[in-house]
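Please find below some notes on this model, set out as numbered points. They deal with burial, contacts and the nonpolar cores.

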Amino acid sequence: MGTKDSKAKEYLSDNTRFSEICNYVLFDGEKVIKPEDLKECDTTEVLSVFGIDKKQIVKQKWRDLLKSVSVKHTGQMYVILIGAEAQTDIHYAMPVKTMIYDALNYGEQVKEAKKRHRKNKDYRSSDEFLSGFTLDDKLTPVITITLYLGTTQWDGPRSLAEMMPQMDERILPFINDYRINLLNPLEITDFSKFETGLRPLFELLKNASDEEKLNDLITNDETFTRVDVETVAAINLFVGTDIKYDEKEEVVNMCKAWDDHKKSGIQEGMQRGMQQGRLFEIYLSVQEGDYSAKRGAEKAEMSLDEFEKAMSKAGYKIPELV
């Protein structure tokens with residue numbers, strides 16, 4: 001797993017941010033899932049291929065994140081498993097990847113039910129025994145959310161059907177489709193539904209390619225006056241900014257940090273310009289024969305070979321070579 005993907009997983013593991021993502025995708029921002037209701041699950045999901053006895057084939061897949069949550073609905077409580085996949089790049093086989101993860105988890109649930117029933121010896125028929133799953137057993141729903149953290153538009157497929165060629169329409173009803181639950185910040189129009197650091201991160205991701213909008217957001221939106229350091233680090237990584245901050249602080253005033261960043265850039269530009277201007281003066285002096293190329297190299301603090309190459313590249317002629 002690359003640095004960006006590892007950092008994305010680490011950033012999303014926070015229950016407050018994770019619950020906000022779930023609530024946005026599943027409940028249009030309503031605070032149904034509480035951070036304290038989330039419980040971390042093992043992301044190693046094992047599905048045994050039945051029928052091979054002791055020499056079972058074991059397939060293992062690792063999700064980025066998997067958490068269980070108890071949800072209250074019409075007075076009743078039910079449990080669901082929610083997985084999150086953070087994509088910093090477009091994945092053109094995401095529907096298949098998601099389908100495999102979910103299938104592995106459902107397969108594991110059936111396997112666990114089978115082990116439980118055989119231990120308790122509570123099968124009521126040969127059909128239940130062969131199935132390993134009784135008529136009264138229920139699966140825990142599995143939902144996978146794909147969070148895209150790239151700065152270019154997602155042009156990958158969002159369902160299994162989109163990955164298939166055109167075919168006879170009579171066949172389509174027999175093909176089970178599988179779609180992904182994609183959260184793409186570039187498609188969000190109302191960021192007010194986010195109250196954590198996800199809001200500034202998502203807003204900047206959406207406007208990463210427009211420097212003017214980026215500057216306007218950071219300098220004029222009060223959201224950016226208090227941003228947690230983890231989010232600032234995520235913004236630097238995923239948006240591509242280089243905002244300096246003190247890691248010991250809990251929150252950062254990005255407006256001020258951004259202003260300091262711009263001023264620093266201007267100063268660096270001026271210094272580069274002055275240095276470049278001084279070099280041009282040296283090149284001109286050597287070209288006009290005021291002193292030798294060797295002396296010019298010494299003034300420019302370069303080797304003679306580096307100096308002659310830089311001078312020629314800048315369009316100046318060395319007298320000895322004329």
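1. In this predicted model, N207 has a relative accessible area of 15%. Residues under 20% count as buried, and N207 is therefore classed as buried.

2. N207 is placed in the loop between helices α5 and α6, the latter covering residues 211-220. Apart from neighbours within four places in sequence, the contacts of N207 are K213, L214 and L217.

3. A polar atom of the N207 side chain lies 2.8 Å from the backbone oxygen of E203. E203 is itself one of the buried residues of α5.

4. Helix α5 (residues 198-206) is mostly covered, with 7 of its 9 residues buried. The buried positions are L198, P200, L201, F202, E203, L204 and L205.

5. Three residues of α5 return in the account of the largest nonpolar core. This core has 45 residues, and those touching the most other members are I82, L149, L183, L201, F202, L204 and M254. The greatest contribution to the core comes from helix α7 (residues 229-239), which supplies 6 residues. In soluble globular proteins, nonpolar side chains tend to be buried together.

6. What does L149 contact, leaving aside its neighbours within four places in sequence? The partners are A8, A86, Q87, T88, L201, F202, L205 and F238. Among them, L201, F202 and L205 are also listed as buried residues of α5.

7. A second core, separate from the one above, consists of 10 residues. Its members include V286, A297, A300 and I318.

Note on methods
Residues are numbered from 1 along each chain as its sequence is written. This is a predicted model: local features need pLDDT of at least 70, side-chain atom pairs count only at pLDDT 80 or more; totals for chains, interfaces and linings use all residues. Side-chain values use heavy atoms; hydrogens and water are left out. A nonpolar core is a set of buried Ala, Val, Leu, Ile, Met, Phe, Trp, Tyr and Cys residues joined through side-chain atoms within 4.5 Å. Buried means under 20% relative accessible area, exposed over 50%, partly exposed in between (1.4 Å probe, protein chains only). Helices (H or I, at least four residues) and strands (E, at least two) are DSSP runs, numbered from the N terminus. Contact means heavy atoms within 4.5 Å. A polar contact is a pair of N or O atoms within 3.5 Å; within protein, one must be able to donate a hydrogen and the other to accept it, and residues adjacent in sequence count only if both atoms are side-chain atoms.
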